[in-house]
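This report goes through a single protein chain, starting from one residue and its surroundings and moving on to strands, helices and cysteines. Please keep the sequence and the coordinates at hand while reading.

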Amino acid sequence: MPHLVILYSGNLDHPPAMGGTDMGALCRRLCDALLTVRDEQDRQVFPTGGTRVLAFPAAHWAIADGGAAGEAAGRGGDYAFVYLNLRMAQGRSAEVHRRTGETMEAVCKAHFATHLATRAIGITTQVDEGHEVFDAKNSSIHPLFAPPAKA
């Protein structure tokens, strides 16, 4: 953990010149940013091998009034949305929750700066900490980041 799942309106998959964005680049930026989050003792919060960012376009969507207010405001009626939900295991402090959310929000605001300035777009960032009723992990990724064994 953490696992960050991004759901977004499919119109963001257009080329940037047509109002889209590079979601793969956003995923990489968010993953890199999550790995910089530190706790109160200045330790890396999230394990490198367990940090995952996945993005899925919605094939179908409806946003707000369908575009009338955006057209009237001169921002166009092609609304877009991005919903980020980070799920992390229990046990981290409220300060870590805040730092994590603010880190993700800063990456999104930078990535979508042009969109926020020129079109109607909604970006929601949530951090959830869950009580798992079942939690199994099988990974050959984590060992890649384990410290070397002492001789």
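## Surroundings of His142

Once the neighbours within four places in sequence are left aside, His142 is in contact with Pro47, Gly49, Gly50 and Arg52 in this predicted model. One of these partners, Pro47, is 95 residues from His142 in sequence, yet their C-alpha atoms are 8.0 Å apart in space.

His142 itself is found in the segment after strand S4, which covers residues 121-130. Is the residue buried, exposed or partly exposed? The relative accessibility of His142 is 31%, and because this lies between the limits of 20% for buried and 50% for exposed, the residue counts as partly exposed.

## Pairing of the strands

Strand S1 (residues 3-9) and strand S2 (residues 52-58) run parallel and are joined by 7 bridges, with Val5 standing opposite Leu54 of S2. Together with helix H1 (residues 23-34), these two strands make a β-α-β unit that is right-handed.

S1 is also joined to S3, in this case by 6 bridges and in the antiparallel sense, and His3 has Arg87 of S3 opposite it. S3 in turn pairs with S4 over 10 bridges, the two strands being parallel; within this pairing, Phe81 has Gly122 in S4 as its bridge partner.

## Helix H1

The end C-alpha atoms of H1 are 16 Å apart, which agrees with the 16 Å that its 12 residues should span at 1.5 Å a residue. Met23, Leu26, Cys27, Leu30, Cys31, Ala33 and Leu34 are the buried residues of this helix. Seen down the axis of H1, these buried residues fall within an arc of 165°, and they therefore line one face of the helix. An α-helix has 3.6 residues a turn, so residues three or four places apart point the same way.

Which elements are included in what covers the buried residues of H1? Among them are S1, S2, S3 and H3, so the two strands of the β-α-β unit, S1 and S2, are part of this cover.

## Helix H3

Helix H3 (residues 94-111) has 18 residues, and the distance from its first C-alpha to its last is 26 Å, close to the 26 Å expected at 1.5 Å a residue. Its buried residues are Val96, Thr100, Gly101, Met104, Val107, Cys108 and His111. Because these residues fall within an arc of 130° when seen down the axis of H3, they line one face of the helix.

The buried residues of H3 pack against S1, H1, strand S3 (80-89), helix H4 (113-118) and S4. On the other side of H3, by contrast, Ala94, Lys109 and Ala110 are exposed.

## Cysteines of H1

How many disulfides does the model contain? The count comes to 0, with a disulfide taken as a pair of cysteine sulfur atoms within 2.5 Å. Cys27 is in no disulfide, since the nearest cysteine sulfur, that of Cys31, is 8.8 Å away. Cys31 is likewise in no disulfide, the nearest cysteine sulfur being that of Cys27 at 8.8 Å.

Are these two cysteines buried or exposed? Cys27 has a relative accessible area of 13% and is therefore buried, while Cys31, at 11% relative accessibility, also counts as buried. Both residues belong to the buried set of H1, which lines one face of that helix.

Definitions and conventions: Residues numbered from 1 in each chain as written. Predicted model: local features only at pLDDT ≥ 70, side-chain atom pairs only at ≥ 80, totals over all residues. Heavy atoms only, no water. Pairing = 2+ DSSP bridges. Helix = DSSP H or I, 4+ residues; strand = E, 2+ residues; numbered from the N terminus. Right-handed = clockwise from strand over helix to strand, strands pointing away. Buried < 20%, exposed > 50% of the residue type's maximum accessible area, 1.4 Å probe, protein only. Contact = heavy atoms within 4.5 Å. Expected span 1.5 Å × (residues − 1). Arc of directions from axis to C-beta.
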